[in-house]
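Colleague: I should like to go through this model with you, one topic at a time. Please begin with what one needs to know about strand pairing.

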Amino acid sequence: MKKTVAVIGAGIVGVSTAIALLRDGHEVMLIDREGPATGTSHGNGGVLAAAAVLPVPGPGLWAKAPKMLLDPDQPLFLRWSYLPKLLPWLRRYMGEASAEAALRRARAIAPLIGDSLADHQALATGTPAEKWLVPGDYVYAYPDRAAFEADAFTWQTKSALGFAHEVLENGAFQRYDPAMSESFALGVRQPDHGRITDPGAYVKALAAHAQSLGARLVIGEVTDFAEENGALTGLRIGGETLPCDAAVITTGVWSGPLAKRLGVAAPLESERGYHLELWEPSMMPRAPVMFAAQKFVATPMEGRLRLAGIVEFGGLDAPPSKAPFELLRRCIAKAMPELTWKHEVEWMGHRPSVSDSLPLIGAAPGLRGAFLGFGHDHVGLTAGPKTGRLLAQLVSAQRPNIDIVPFSPDRFA
C-alpha cells in the first residue's frame, strides 16, 4: 500500500531510506534542519569498512583507557568538565568491554555491513553519485609482527565471520604501497572493500537523486508527533503539522529527544571524531590505510588526502579541541615522511554511539507508524544503504532480509 513517509534526517542513512522508499512506490518527504550531508555524513573517513565488526569497547580496554587518556600521542581524548554528564552512559559502555560482548556485537552487525560495497553499488549505480564510489582494498598498518599479533583477537574474529585478509611483510607492504614508510613493516590487505572519494558530495548527489524521483525536501526541525488512536498522523515542524502515514527518525546523535517521545530511552552519546584534509598532496596511499595503533585512517579522496579518526568524549556543544588535529599531523608525518601538501582543512563531527555499540533499527514501541534508524557509531557510511533498505521494508510491512532483532529499539523501551 502506498504511503506518505517522512524521513527525518538527511545523512547517509536518511537519504538511503528515502531512495529505498521511493523505489518501493511511496511518497517521501526528506526533512533536515540544515540540508543533506551537513553533519557526520560529510566528514567521515570515507571507507566502506565491511569487516569493521568489532566495537571500540573490546577486551583490554579497561587496562588501556586510563593510560590512553593521559598520553597525548594516543587517540582517546576526554573533556574532563564533561565527565559528570558522561558517567551514566560511560558505565554502560565500559560494561561492554569484554571479549564476549565484542563477539556478540560482531556477529550481530556483520550481516548489516558485510556487503557494504554491493549495497552502495545497488544504491548509487545509475545515479550522479556513482562517480564517487570506488571499489578496492582496505589496509591496516602495523610497525612489526609483534604489534600485529597483539591484535590477534581482531583478525581471528574477522576470519571466523568470513572476511579474508592477506598479511604483507618482509618488504611486501612497501612493494604493495610505496607511499608507506618503512617504520610500518607489516600491512594487512582486506579485499572487497571500497571508498567514497567525497562523502559529502556523494550524499548530496543521492539526495538530489531522491528529489528527482519525487522526494520533497523540507528544511526545518521536527519537534513532536501528531497522533490519533495510538497511530502517527503527522509531524510538528516550524509551528505547522505536516501530515504523513509513517515517519523514520535517522538524525544520528541528535535522535535522542525524538526517540524518547516514541517510548525509547536510547543511551546515546557523541564520539567526537576529527578529520584533517591535506589538499593537493605530493603522494597518495594506494588504498585507505588504518594505522592500527593510532586509530586513524588515511583515505585518498578527490583532490586531497583525508586523515580521519580519534575518539573524544566532550558532548555536542563544546568547540573542537586542538590536540586531536596535532596528533593527526604527528601521525601522518611518521607514516608518510616525504608527504607535502598545499593547504589543510580541519573538521570535527559527532558519531552517534549507543552504549552497546549496536544501532537502533526498527519500529518505535510508543507509536504505530514511527520507526528508528540511528546509532551506527563508526560504521554509519558503511551501513547506510542496508539500513535504509531494512527501514523501507519495515514501513512496507515486508519481512527484513536479515535478522534485526539485535537492533530492536525495544531493548531500550
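Modeller: Two strands are taken to pair if DSSP finds at least two bridges between them. Please keep in mind that the model is predicted.

Colleague: Understood. Which residue in β10 is the bridge partner of D224?

Modeller: The partner of D224 is R236 in β10. Strand β10 covers residues 231-237, and six bridges join β9 to β10 in an antiparallel arrangement.

Colleague: In what order do the three strands of that open sheet come?

Modeller: The order is β9-β10-β11, with antiparallel pairing. The edges are formed by β9 (222-228) and β11 (240-243), each of which pairs on one side only. From one strand to the next, the twist averages 35°.

Colleague: Let us turn to β19. Is that strand mostly covered or mostly open?

Modeller: Strand β19, residues 370-374, is mostly covered, with five of its five residues buried.

Colleague: Which residues are on each side?

Modeller: A370, L372 and F374 are on one side of β19, and F371 and G373 are on the other; all are buried, which leaves both faces covered. As a general point, side chains in a regular strand alternate between the two faces of the sheet.

Colleague: And how many bridges join β12 to β19?

Modeller: Three bridges join β12 (residues 246-249) to β19, and the two strands run parallel. Within this pair, V248 has F371 as its bridge partner. Strand β18, residues 360-363, is joined to β19 by four bridges and runs antiparallel to it. There, A363 stands opposite F371.

Colleague: What about the hairpin of β18 and β19: which residue takes a positive phi?

Modeller: That residue is G369, with a phi near 95°; the hairpin has six residues between its strands.

Colleague: A change of topic: pockets. How much space lies in the second largest pocket?

Modeller: It holds about 390 Å³. The lining consists of 19 residues, and those closest to the centre are Y82, K85, L268, E269 and S270.

Colleague: Which element supplies the largest share of that lining?

Modeller: Helix α4 does, with five residues. Both α4 (83-94) and β13 (268-279) contribute at least two residues each. By class, the lining of the second largest pocket has 10 nonpolar, four polar and five charged residues.

Colleague: How many cavities of 30 Å³ or more are there?

Modeller: The count is one. The largest cavity contains about 40 Å³ of space, and its lining is made up of P55, P57, E96, A101, A102, R105, D356 and S357. Of these lining residues, four are nonpolar, one is polar and three are charged.

Colleague: One last item. Why does I12 count as buried?

Modeller: I12 counts as buried because its relative accessibility is 4%, and the cut-off for burial is under 20%. The residue lies in helix α1, residues 12-23.

Colleague: With which residues is I12 in contact, leaving aside its neighbours within four places in sequence?

Modeller: I12 is in contact with S41, H120, L123, Y202, V203, L206, G380, L381 and G384.

Colleague: And how far apart in space are I12 and G39?

Modeller: Their C-alpha atoms are 10.0 Å apart, while I12 and G39 are separated by 27 residues in sequence.

Notes. Residues numbered from 1 in each chain as written. Predicted model: local features only at pLDDT ≥ 70, side-chain atom pairs only at ≥ 80, totals over all residues. Heavy atoms only, no water. Axes fitted to C-alpha atoms, helices over the stretch in contact; angles between N-to-C directions. 1 Å grid on protein atoms, 1.4 Å probe; cavity = no way out; pocket = protein on both sides within 12 Å on 5 of 7 lines; lining within 4 Å. Points joined across faces, edges and corners; volume = space filled by probe spheres on them. Nonpolar A, V, L, I, M, F, W, Y, C, P; charged D, E, K, R; others polar. Buried < 20%, exposed > 50% of the residue type's maximum accessible area, 1.4 Å probe, protein only. Contact = heavy atoms within 4.5 Å.
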